[in-house]
Amino acid sequence: MDFLLEKIKSDPGYKEQVVHTEDISPYSPEYGELSSPLHGLLNKALSQQGIEKLFTHQVEAVEKVRAGKNVVVVTPTASGKSMCYNLPVLDGLLRQPSGSALYLFPTKALGRDQVDTLREFNTNLCFGVYDGDTPGGEKKYLRDVANIIFTNPDMLHQGILPHHLKWHCFFSNLRYIVIDEMHNYRGIFGTHVAHVLRRLRRVCIYYGVDPVFIFCSATIANPRDHASRLAGVPVEKVDNNGAPRGAMRFVLWKPPVHTPYIQDAAWILSRCMETRLRTITFTRARQAAERILRFTKKDTGEEGGAVTAYRGGYLASERRKIEEGLFSGRLRGVVSTNALELGIDVGDLEVCIIAGFPGTIASTWQQAGRVGRKNKKSLVVFIAVENPLDQHFIRNTRALFSTPSERALIDPSNPYLLMGHAVCAAHELPVSVEDYHLWDDIFQELLVLLEEDGDVIFSDGKYYFNGQTYPAKRVNIRSSSLEPVSLRDTGSKNRLLEVVDGDSAFSQVHPGAVYMHQGETFVVKDLELDKSTAYLEQQDVDYYTMCSKDKSTEILSIEREKEFNGHKLYTGQLRVRTRVTGYIKKEEHTGQVVGGGNLDLPEQVLETTGMWVVFNSRAGELSNEYNLHLMGGLHAVEHASIGLLPLFAMCDRNDLGGLSVVEHSQTSGPTVFIHDTCHGGVGFGERAYDRAQELFETTLEAVRYCECEDGCPACIHSPKCSNFNRPLDKEGAVLLLHLLLGWEYHPTQHESPKIANREKLKTAARKLR
Amino acid sequence: MSLFQRLNNLKKDRSRENKVKTDVKPVNIPGGEVITSCGEECVYLQEVYPGPFSFPGPANLCRNLRLLRGVGPVNESRLQEQGYFSIQQLKCHPRWGECASEVLRLLDEKNVHGLQKLGASDWDLLSFYDAGEVVFLDIESTGLWANQPLFLVGVMYCRDGELVSGQYFARYYGEEKAVLGAVDRLLQNFNVIVTYNGKSFDMPYITQRCVARGLFYRYGHYHVDLLYHARRHLKHLLPDCRLMTLEEYLLNFRREGDIPGYLIPQTYHRFVKTGDAGLVQPVIEHNKLDLLSMARLFYLVNPECPVDVELSRAQAAAARDT
């Protein structure tokens, strides 16, 4: 590992990018003892696998589950977490073979992977994967006889719960519900899953069983609280990790100014390929994965066959092939989105390149944990991207290693998401008063509205489903709404390339947009909205596209409000209207604008929750006094604080939107809105309201200490800004943030060149108008 | 109006939310008698129609050489050329003897399910039964998935040369158990169930509702699903294979003022809520018509029955015009 680092540092291409090296020391194992031994068969299977003693956390998990307590196990990757549920479940089922257990994994691939693990125990219990790929005959067999079912929330929601009568044997004996990779169930998806789990509990109550919940999670700030919010039951925490781990060298890498991080990532990956080290590269975006792959293939020439890309959107068969290739060692490098972050076993990897902060500290450690399993030494290279979060970690090198993880948020009272599940619940079993306690009060209110819409009928004390449709089909638990858009390749008889979320279709695949698939560039020829299809043509272009939007925000209601250093903060319901109006083309390497076009697409309306800041009159006065651009300052505050909010809530920049105005018809004064981008909201905006002080302090630090002169992607530029980051005023933002925090503002030194710049900016903005 | 606004309005108008359970008073259904089953009550309605329905005559299963595994059209004609016309004759055949004995044993045992697996048709197998063993069945439910209760099971059978319709009706959701129990008792008296789309709808629905009510009945009856036969023999002749289309083209009969199927669940829910027996009368009528049509179509969807669709269509058109 060290020689790779030496090789990189001595390469003529190296430009002092390593800013910090952290050695994470290995830790030795701690073992525990069970109060009463496991079932004999299980002990035999364990010693066959070479396991003689159990780690402390495994012992605690087994004891707690035996005592009938719901638990959440929070330990790092590769600490034998799956044992924490496999042991108590198998032990319990071997002693009572009529019992059954449900295993829930966030993806199909993970479920299939875990089945193989269970097979190694050689028990006579019947188990199998029940998902969309299971053949019909096997499905019936599993329903009737299986002790353990491996499935995913989608299948539970659409394929199992609505047919619970066919599952009566399974449900009447259900004793354990295992929910692995719990930290994935957050935000919109998490909220949907919370409702699916409540529906599951309702069915359990109907069959007279009260199963034990076993959650497993990567490190998050609120595992216990999150688990109990997900399932609506009290949960106990198990986190006394006793598993050993090999030494890890963690390198923070800062690409030279104005060099795309993608080139650096590809460069390091190429060096790894040369030294024949097995490497995984994580990127934040699908497009970035494809571009890194392209550069790496160019750089390494004939080595190209040993490295590939992996991301969601690829067909299942394509993905299976890549997973196998990695496991067998045929592939030595992979460039992946977070799709490979979860526990799919891809064998022994040695180097992990994290190209851009994955969005959460939990994910960062999850990704780093993919290498160096089994006590081996490993290397992790963290490449900072030009955005506020990444730069925050480069500036404060300790932050990444000492900051506690973020909180996972869900909002089970979001009416938009609950509405669909209320209908599903009524479809599964008529809803009566006894069921209300499973949900928030809003559940009852929604049922009243649903009856007014004719979706359910209240009769004889219960709400009955009314309709000929299959309501679970209408609720897509992976997104907040809208039909997905399929992308078709006109060059090969309209072959289906992949599908994208309906919400983001306008900005991703508008006519003229450049879209990447498997390292190939495609240009969107046509977007047929009524057919939910975009037609793409393969073209070798050297630019990418960004779209511009018209946006307005209307306040529907105010939930909470407070004084904040003389300014006002609010949370409440918002209606956001957006229209994609045009796009620009940017040159791939330099980022120069090389063209663009106008678009005529329908308006999209989003109703959501959020927070907003209304500045007092001092903001305008002082901006004038110091000759700063008020709108530019507000805009910059909005961008920078949205960029840093993920430090406090487990969300992605794309889960958040914002708008700033000098004058809003419903507020009195300059206003900055920060809102969720899903229908109904999941509470990210409210989090900003709760943590306003810390958020704006961090934001000020990020803006003030950024080395750039008047704004860059590392501080106030936003990659998805609908106005192409215009106007922005960095110094204006510093002033506004001082005001907001109630601090005294002193203009930054070396005024003159900055003012000149600002004048330029102002004239440019005027010209634009 | 947006969902947020609607919820805000609802908060202002709390009266809309006060849903109370009203006491159910058993409603009097005209023409119905109250019966008890599984410790619960439900209503039974009965009517008698001139019968009987046409039933296929005796079939000669012994002459169907294709019942032997491995015998298709080619082998069949080859065997016939060699002078083999019945399965008995093949009993000592060196190649087919073993198979033939197996089929003869099944025929002897009247093992319809075994013979069906070997490819015997419904019409051939019905020859094991007589018209008195046949019951037509049709259910009305509050949904398309068995999670919603059913409230009416109609049956029709032949007695003393007449057609008897029996309908078991639940006056509210709780009476479903009695309906299921009474139907189970009745079905014990019959060996053949005839339905329209019952293989994928009615029968699984009944069994799943039994599970939901804690009754674990199993039905091993010989089941003839007329929809399969209609699809097979009439699909290319008719615009679609709905029961009502068949009525119109084959029976020259058009329902007047019939309640459309999708309205049935909400009609029933409203009936339970209001206790207005007039609401469910059309549903009961609808169910009875379905049963009658099935009995009359029973023989017409048989492959041997020559159906003159052209003529029927002309008749139907004429009937519509008048």
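1. In which sense do S6(B) and strand S7 (residues 222-225) of chain B pair, and over how many bridges? The two strands run parallel, and four bridges link them. One pairing along this edge sets Ile193(B) opposite His223(B) in S7(B). Between the strands the chain passes through helix H7 (residues 198-212) of chain B, and the β-α-β crossover from S6(B) to S7(B) is right-handed. This is a predicted model, and the points below should be read as a description of that prediction.

2. S6(B) also pairs with S3(B), again in the parallel sense, through three bridges. Here Phe136(B) has Val194(B) of S6(B) as its bridge partner. Strand S6 covers residues 192-195 of chain B, and both of its faces are covered. Val192(B) and Val194(B) are buried on one side, and Ile193(B) and Thr195(B) are buried on the other.

3. On confidence, the model has an ipTM of 0.84 and a pTM of 0.82. The mean pLDDT of chain B is 86, with 90% of its residues at 70 or above. Strand S3 (residues 134-141) of chain B has the highest mean pLDDT among the elements of that chain, at 95. The lowest mean, 59, belongs to helix H12 (residues 309-321) of chain B. A reader should keep that value in mind when looking at H12 of chain B.

4. Chain A also averages a pLDDT of 86, and 95% of its residues score at least 70. Within chain A, residues 750-756 have a pLDDT below 50, and this stretch makes three contacts in the model beyond near neighbours in sequence.

5. Chain B contains twelve helices and seven strands. Its domain assignment gives domain 1 as 25-55 + 130-321 and domain 2 as 61-120. The C-alpha centres of these two domains of chain B are 37 Å apart. Along the principal axes, the C-alpha atoms of chain B fill a box of roughly 90 × 50 × 50 Å. Of its 322 residues, 34% are buried. Among contacts in chain B with a separation of 6 or more, 69% involve residues 24 or more positions apart.

6. Leu90(B) is a useful residue to inspect in chain B; it sits in the loop between helix H2 (73-81) and helix H3 (97-109). Is Leu90(B) buried or exposed? It counts as buried because 22 C-beta neighbours lie inside 10 Å, where the cut-off is 20 or more. Setting aside residues up to four places away in sequence, Leu90(B) touches Tyr84(B), Trp96(B), Gly97(B) and Ala100(B). Ala100(B) is ten residues from Leu90(B) in sequence, and their C-alpha atoms are 6.1 Å apart.

7. Chain A has 26 helices and 30 strands. The chain is divided into five listed parts: domain 1 (2-25 + 245-402), domain 2 (31-238), domain 3 (415-474), domain 4 (485-541) and domain 5 (547-768). The C-alpha centres of domain 2 of chain A and domain 4 of chain A are separated by 39 Å.

8. The C-alpha trace of chain A spans about 80 × 70 × 60 Å along its principal axes. For 769 residues, a compact globule would have a radius of gyration near 27 Å, and the 27 Å of chain A agrees with this. Buried residues account for 51% of chain A. Of the contacts in chain A between residues at least 6 apart in sequence, 73% join residues at least 24 apart.

9. Met182(A) lies in the loop between strand S8 (174-179) and helix H9 (187-206) of chain A. Met182(A) is buried, with 26 other C-beta atoms within 10 Å. Beyond its neighbours within four places in sequence, Met182(A) is in contact with Val72(A), Phe215(A), Cys216(A), Ser217(A), Ala227(A) and Leu230(A). Lys237(A) is 55 residues from Met182(A) in sequence and 13 Å from it in space, C-alpha to C-alpha.

10. Where the chains meet, 31 residues of chain B are in contact with 27 residues of chain A. Helix H1 (3-12), H7 and helix H10 (264-274) of chain B each supply at least two residues of the side that touches chain A. Which element gives the most to that side of chain B? H1(B) does, with seven residues. H7 of chain B thus has two roles in this note: it is a contributor to the side touching chain A, and it is the helix between S6(B) and S7(B).

Note on methods
Residues are numbered from 1 along each chain as its sequence is written. Chains are lettered from A and ligands numbered from 1 in the order in which they are written. This is a predicted model: local features need pLDDT of at least 70, side-chain atom pairs count only at pLDDT 80 or more; totals for chains, interfaces and linings use all residues. Domain bounds come from an automatic or database domain assignment. The radius of gyration is taken over C-alpha atoms; the globule rule is 2.2 Å times the number of residues to the power 0.38. A residue is buried if 20 or more other C-beta atoms lie within 10 Å of its own, exposed if 12 or fewer, and partly exposed in between; C-beta atoms are placed from the backbone. Two residues are in contact if their C-beta atoms, placed from the backbone, lie within 7 Å. pLDDT is the predictor's confidence in each residue, from 0 to 100. Two strands pair if DSSP finds at least two bridges between them. A crossover is right-handed if, with the strands pointing away from the viewer, the path from the first strand over the helix to the second runs clockwise.
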